[in-house]
Amino acid sequence: MRIHASEVLVIGGGVVGLTSAIALAEDGHRVRVVSRDRADDTTSAVAGGLCWPYRIQPREQAVRWSVRGFDVLASLAERPEETGSRMVTGTMTETVADEPATSGTAPADDALAAWHDAVPGLRRARPDELPAGHTAGWRARTPLVDMPAHLRYLERRLAAAGGTLERRPFTSLTEAGEEAGTVVNCSGLGARELVPDPQVQPVQGQLVVVANPGIEEWFVSADGGASDTTYVLPQPFGVVLGGTAREHAWSREPDPAVAEAIVARCARRFPALAGARVLEHRVGLRPARTAVRLAAERLPGGAWCVHNYGHGGAGVTVAWGCADEVVRKVREAPAQ
């Protein structure tokens, strides 16, 4: 017998789970978030926080979700100290999104054209704006999110909307379905065991946080299939240097040699980083999947379950767009 048949139970306290819970609570639902980890211990807290669709499929939907995320995060950037979101200018080179433009100003396909239209001022970088060795890229002003601060904001916003938060694990979706009439599964990498879904795999990301020597713009060079990337993201607490994208790697321990290589790559773009004081080493496991699973089904015990996981390296970017679909799927739950 369910304890709260009319309640929505959200599994997962990272950015995707909290955002989905907020959207549901602000839509009038009674919402309870249950998370095994504190927000500061989730993969979301380790994320660099740049709003850009990265390592996520299917692309057309991902770009649509990203456009929605851009709009929300840009609005939140009007209150950066409260929300953790700021608008920052930077350069993106050699990514999946860097495909030849049909007109010289817009991406080649309709999905990326939507992203181009959503980002005010997004344009091709001039040769003098690109570092040595790069022949193409984009200049843009996008949200850059201080993830620990943003997660705290989301928890406060959830509480203000009447939602609650608990710290404990679930061993199965069936167990969760015994507590609520609707379950929203935002368990990220945990979905591999919870569902279980063997398609969910880790993509390990290591980064280094250093004291800021005066860098004001972000820089990213991250081919979608590369295991080593370069990104420089100035945050209020320091500059986040990255990174790696190692598929099927489960270790959360920083590798000193990898950290040294990260700093060296970033220093080639910003030489002042070579001598910057190291503040912290971080490792996170992106919850990758061949495609995001955003679908609903009836659990064996009768609860309605909406799955929302597998967002790869774009969780903060697509969270609000995916949350909109979660609300729609909860509203559309068929009567038993």
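This is a short tour of a predicted protein model, going from its overall build to a few individual residues.

**Overall build**

Let's start with the big picture. The protein is made of ten helices and 15 strands. Its radius of gyration comes out at 20 Å, close to the 20 Å that the globule rule gives for 336 residues, so the protein is as compact as a globular protein of that length. If you box up the C-alpha atoms along the principal axes, you need roughly 65 × 45 × 35 Å.

How much of the chain is tucked away? Of the 336 residues, 57% count as buried. The contacts have a long-range flavour: take those with a sequence separation of 6 or more, and 74% of them come from residues 24 or more positions apart. On the outside, the protein exposes about 14000 Å², and carbon and sulfur atoms supply 50% of that area. As for charge, there are 36 positive and 40 negative ones, and the mean positions of the two sets are 1 Å apart.

**Cysteines without partners**

How many disulfides does a search of the whole structure find? The count is zero. As a reminder, a disulfide is a covalent bond between the sulfur atoms of two cysteines. For cysteine 186, the nearest cysteine sulfur belongs to cysteine 322 and sits 8.9 Å away; a disulfide needs the two sulfur atoms within 2.5 Å, so cysteine 186 is in none. Cysteine 186 is also buried, with a relative accessible area of 7%. Cysteine 305 is in no disulfide either, and its nearest cysteine sulfur, that of cysteine 186, is 9.4 Å away. With a relative accessibility of 0%, cysteine 305 counts as buried.

**Backbone oddities in the loops**

Next, a few spots where the backbone deserves a look. Two peptide bonds leading into prolines are cis. One joins glutamine 57 and proline 58, with omega at about 0°. Proline 58 lies in the loop between helix H2 (43–46) and helix H3 (59–76). The other runs from valine 195 to proline 196, with omega near -10°, and proline 196 is found in the loop between helix H8 (191–194) and strand S8.

Then there are positive phi values in residues other than glycine. Arginine 55 has phi near 50°, and this arginine is in the loop between H2 and H3, where proline 58 also lies. Histidine 248 has phi near 65° and belongs to the loop between strand S12 (246–247) and helix H9 (256–269).

**Three buried strand residues**

Now for the strands. The table puts three residues side by side.

| Residue | Strand | Relative accessible area |
|---|---|---|
| Leucine 207 | S8 (residues 201–210) | 2% |
| Glycine 284 | S13 (residues 278–288) | 5% |
| Proline 287 | S13 | 14% |

Why does proline 287 count as buried? Buried means under 20% relative accessible area, and proline 287 has 14%, so it falls within that class.

What does leucine 207 touch, leaving aside neighbours within four places in sequence? Its contacts are Val46, Tyr231, Val240, Leu241, Gly242, Ile262, Glu280, His281 and Arg282. Alanine 274, 67 residues apart from leucine 207 along the chain, has its C-alpha 15 Å from that of the leucine.

Over in S13, glycine 284 is in contact with Val46, Val203, Gln204 and Gly205, again leaving aside neighbours within four places in sequence. Val46 is therefore a contact of leucine 207 and of glycine 284, given that contact means heavy atoms within 4.5 Å. From glycine 284 to tyrosine 309 the step is 25 residues in sequence and 16 Å in space, C-alpha to C-alpha.

Proline 287 is the other S13 residue in the table. Not counting residues up to four places away in sequence, proline 287 touches Thr43, Gly188, Leu189, Gln201, Gly310, His311 and Gly312. The C-alpha atoms of proline 287 and asparagine 185 are separated by 13 Å, with the two residues 102 apart along the chain.

Note on methods. Residues are numbered from 1 along each chain as its sequence is written. This is a predicted model: local features need pLDDT of at least 70, side-chain atom pairs count only at pLDDT 80 or more; totals for chains, interfaces and linings use all residues. Side-chain values use heavy atoms; hydrogens and water are left out. Helices (H or I, at least four residues) and strands (E, at least two) are DSSP runs, numbered from the N terminus. The radius of gyration is taken over C-alpha atoms; the globule rule is 2.2 Å times the number of residues to the power 0.38. Buried means under 20% relative accessible area, exposed over 50%, partly exposed in between (1.4 Å probe, protein chains only). Accessible areas come from the Shrake-Rupley method with a 1.4 Å probe; for residues, only the protein chains shown count as cover. Lys and Arg count as positive and Asp and Glu as negative; His and the chain ends are not counted. The place of a charge is taken as NZ of Lys, CZ of Arg, CG of Asp or CD of Glu.
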